[in-house]
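Welcome! Please take a look at the structure below, and then we can walk through it together, from the place where the chains meet to the spaces left inside.

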Amino acid sequence: MTKAELVEIIAAETGVSKKDTAQIVEQIMDNIGRALVDGDRVELRGFGSFKVKTRGERLARNPRTGASVQVPAKRVPFFKASNDLKGRLNGKG
Amino acid sequence: MTKADIVEDIAQRTGLTKKEVAETVDLFLDKIGDLLVDGRHLEIRGFGTFKVKERKERMARNPRTGDAVPVPARRVPVFKVSKMLKDRVAAKSAEPTI
């Protein structure tokens, strides 16, 4: 499903216009994105949480040359589904 | 940050009522759940993809007793972060976030 299809379905149920719904949906992503860039955690009850994990610096090898290269520490966004959502996917709730 | 914070922010930015925004945000999350239950996925450009992965049955151990117990096959919701969002987050230098 695409964002546009989802917007259509939501607008039909809420009575909020498609234009406004699309704007809200866009802003949801923006908010989550901004929070993650700032290193903040976003918790959406019953759905899941978004946060940033920090991966430490590590030594890796270039598989072609075998040379060791230092991979710098890096921040990675991450989503953890709620137990609710996990349960729903397996026929609970 | 919680859903209430997001609703507040969006209501302010758009001039829509908090009620309209809250309803839309709730329904948005509900519908993503529904479509994952149906085994469908949702791709949001520049943000990421919500989808379902199948996990096979495997044997695990009860860490207390050491007994082998089967973990049944199950479906797990996953979110694959878009490259764009990954890059935006990585661009801020790695420093302790807490």
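Let us begin where the two chains meet: 47 residues of chain A are in contact with 49 residues of chain B. Please keep in mind that this is a predicted model. Between them, chain A and chain B bury about 4,500 Å², and 71% of that area is on carbon and sulfur atoms. On the side of chain A, the residues that lose the most area to chain B are Met1(A), Arg75(A) and Leu89(A); together they account for 17% of what that side buries.

**A closer look at one residue**

A good residue to visit is Thr14(B), which belongs to helix 1 (residues 3-14) of chain B. Its side chain has two backbone partners, shown here with their distances.

| Side chain | Backbone partner | Distance |
|---|---|---|
| Thr14(B) | oxygen of Ile10(B) | 2.7 Å |
| Thr14(B) | nitrogen of Leu16(B) | 3.2 Å |

Which residues does Thr14(B) contact once its neighbours within four places in sequence are left aside? They are Gln23(A) and Gln27(A) from chain A, along with Val21(B) from its own chain.

**The enclosed space**

Now to the empty spaces. A search of the whole structure turns up one cavity of 30 Å³ or more. The largest cavity holds about 40 Å³ of space. Its lining includes Ile28(A), Met29(A) and Phe47(A) from chain A, and Phe28(B), Leu29(B) and Phe47(B) are among the lining residues from chain B. What classes of residue make up the lining of the largest cavity? Twelve are nonpolar, with no polar and no charged residues.

Helix 2 (18-37) of chain A and helix 2 (18-37) of chain B each supply at least two residues of this lining. Within chain B, domain 1 (1-38) and domain 2 (41-98) each give at least three residues to the lining of the largest cavity.

**The open space**

Next comes the largest pocket, with a volume of about 420 Å³. It is lined by 19 residues, and the closest to its centre are Phe78(A) and Phe79(A) from chain A, with Pro77(B), Val78(B) and Phe79(B) from chain B. Two or more lining residues come from each of strand 2 (48-55) and strand 5 (74-81) of chain A, and likewise from strand 2 (48-55) and strand 5 (74-81) of chain B. By class, the lining of the largest pocket has ten nonpolar and nine charged residues, and no polar ones.

Terms used
Residues numbered from 1 in each chain as written. Chains lettered and ligands numbered in written order. Predicted model: local features only at pLDDT ≥ 70, side-chain atom pairs only at ≥ 80, totals over all residues. Heavy atoms only, no water. Helix = DSSP H or I, 4+ residues; strand = E, 2+ residues; numbered from the N terminus. Polar contact = N/O pair within 3.5 Å; in protein donor to acceptor, adjacent residues only side chain to side chain. Contact = heavy atoms within 4.5 Å. 1 Å grid on protein atoms, 1.4 Å probe; cavity = no way out; pocket = protein on both sides within 12 Å on 5 of 7 lines; lining within 4 Å. Points joined across faces, edges and corners; volume = space filled by probe spheres on them. Nonpolar A, V, L, I, M, F, W, Y, C, P; charged D, E, K, R; others polar. Domains from an automatic or database assignment. Buried area = accessible area lost by both parts, 1.4 Å probe.
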